[in-house]
Amino acid sequence: MASGGLTCVKYLTFFCNLLFALTGLLIFLVGGMVQLNYAHYSSFVSDHVWTAPIILIIVGAAVAVICFLGCCGALKESSCMILSFALLAVVIFLLEIGLGLAGYVKHTGLHQIMECQFNSTMQHYKERADYRDAWTLLQTELDCCGINGPNDWETIFRNSTLPAACCSLINLSEAKECTNVHATQHGCLQKLLEILDSKTLILASVVLGVAGIQMLTILFACCLYRSFRRSYDHV
């Protein structure tokens, strides 16, 4: 029969596993919300940056499976399941640390990455319908025009005409087309950068924060595994 100390560690490990599962759910929800709400802006952000929410969703789902091992191992006093849980949890922990650090590093170079994507999509605006749709959606939702302002479109249209999305409201008695006079003067790059900049920091903070809770769970799991081994050696 397990000693009082072993029982205490066992139930502490079980409780920490529940916290571990909640952190996985949190990671899953954060990744899902970012993907759901901002995926339509992916044309303006490079693919290797936009894979972060998808990776978070996968990690969050993996945590649920790992927690099952931890909870069953603690309740059944199975050293094999506890060891498997601890090893897999360490892998997830290291992956989350890597994601958090990568998010911080990419955050510092996000402006340059997005500027390249903005220029690329604008240069191919006339040739690609998906880029035209992306620009229309971006300029409509953020009430912005061009990369840094409406003058950016002059190199594309070679005249004073602008995409209709640049003008949220046109007085038909004054003009029938969207021009610089009626367009919003705010560029889209800075507006989208401010949104994604804050979300990147939130993602990195959430990942690093929950990693601390998970580290505590891993330590308890290791203590429980050691206690199980000692208990079996004495039998």
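**View 1. V34 of helix α1 pairs up with a residue far along the chain.** V34 is tucked away in this predicted model: with a relative accessible area of 12%, V34 is buried, because anything under 20% gets that label. You'll find V34 in helix α1, the stretch that covers residues 4-38. Now look across to K199. V34 and K199 sit 165 residues apart in sequence, yet their C-alpha atoms are 7.9 Å apart in space.

**View 2. The whole chain, for orientation.** How many helices and strands does the protein chain have? There are eight helices and zero strands, so if you read along the sequence the pattern is simply α-α-α-α-α-α-α-α. Of the 235 residues in the protein chain, 40% are buried. Pairs like V34 and K199, with their places 165 residues apart in sequence, fit into a wider picture. Take the contacts in the protein chain with a separation of 6 or more: residues 24 or more positions apart account for 73% of them.

**View 3. Helices α5 and α6 cross each other.** Two packed helices can be described with just two things, the angle between their axes and the distance between the axes. Here the players are helix α5 (residues 110-123) and helix α6 (residues 129-142). Their axes come within 9 Å and cross at roughly 120°. Why are α5 and α6 called oblique to each other? An angle counts as roughly perpendicular from 65 to 115 degrees and as roughly antiparallel over 145, so a value in the gap between those is oblique. That is the label α5 and α6 get. Their crossing is also left-handed.

**View 4. Who touches whom between α5 and α6.** Zoom in on the side of α5 that faces its partner and look for F118, S120, T121 and M122. Across from them, α6 brings Y131, W135 and L138 to the meeting. Sorted by class, this contact has five nonpolar, two polar and no charged residues.

**View 5. W135 and its many neighbours.** Stay with W135, one of the α6 residues from the previous view. Which residues is W135 in contact with, once you skip its neighbours within four places in sequence? The list is F44, F118, T121, M122, Y125, G146, I147, W153 and C188. F118, T121 and M122 should ring a bell, since they are among the α5 residues that meet α6.

**View 6. The largest nonpolar core, and a second one.** In soluble globular proteins, nonpolar side chains tend to be buried together. The largest nonpolar core here has 29 residues, and the members that touch the most others are M114, F118, W135, L138, W153 and L192. Helices α1, α5, α6 and α8 each give two or more residues to this core. The largest share, five residues, comes from α8. There is also a second, separate core of 23 residues, which includes L56, C67, A89 and L224.

**View 7. Two places where α5 and α8 line up.** L110 lies in helix α5, and at 3% relative accessibility L110 counts as buried. L110 is 86 residues away from L196 in sequence, but the two are 8.7 Å apart C-alpha to C-alpha. Next, find D197, which lies in helix α8. Is D197 buried or partly exposed? At 25% relative accessibility, D197 counts as partly exposed. The C-alpha atoms of D197 and H111 are separated by 8.9 Å, with their positions 86 residues apart along the chain.

**View 8. L216 of α8 and F20.** Further along helix α8 you reach L216. With a relative accessible area of 42%, L216 is partly exposed. L216 and F20 are 196 residues apart along the chain, and their C-alpha atoms are separated by 9.2 Å.

**View 9. D143 has an unusual backbone angle.** Most residues other than glycine have a negative phi. D143 isn't a glycine, and still its phi is positive, about 50°. Where is D143? D143 sits in the loop between α6 and α7 (154-157). D143 is partly exposed, with a relative accessible area of 36%.

Methods:
Residues are numbered from 1 along each chain as its sequence is written. This is a predicted model: local features need pLDDT of at least 70, side-chain atom pairs count only at pLDDT 80 or more; totals for chains, interfaces and linings use all residues. Side-chain values use heavy atoms; hydrogens and water are left out. Axes are lines fitted to C-alpha atoms, for helices over the stretch in contact, and angles run from 0 to 180 degrees between N-to-C directions. Helices (H or I, at least four residues) and strands (E, at least two) are DSSP runs, numbered from the N terminus. Angles under 35 degrees count as roughly parallel, over 145 as roughly antiparallel, 65 to 115 as roughly perpendicular and the rest as oblique. A crossing is left-handed if the near helix is turned anticlockwise from the far one by less than a right angle, and right-handed if clockwise. Contact means heavy atoms within 4.5 Å. Ala, Val, Leu, Ile, Met, Phe, Trp, Tyr, Cys and Pro count as nonpolar, Asp, Glu, Lys and Arg as charged, and the others, Gly among them, as polar. A nonpolar core is a set of buried Ala, Val, Leu, Ile, Met, Phe, Trp, Tyr and Cys residues joined through side-chain atoms within 4.5 Å. Buried means under 20% relative accessible area, exposed over 50%, partly exposed in between (1.4 Å probe, protein chains only).
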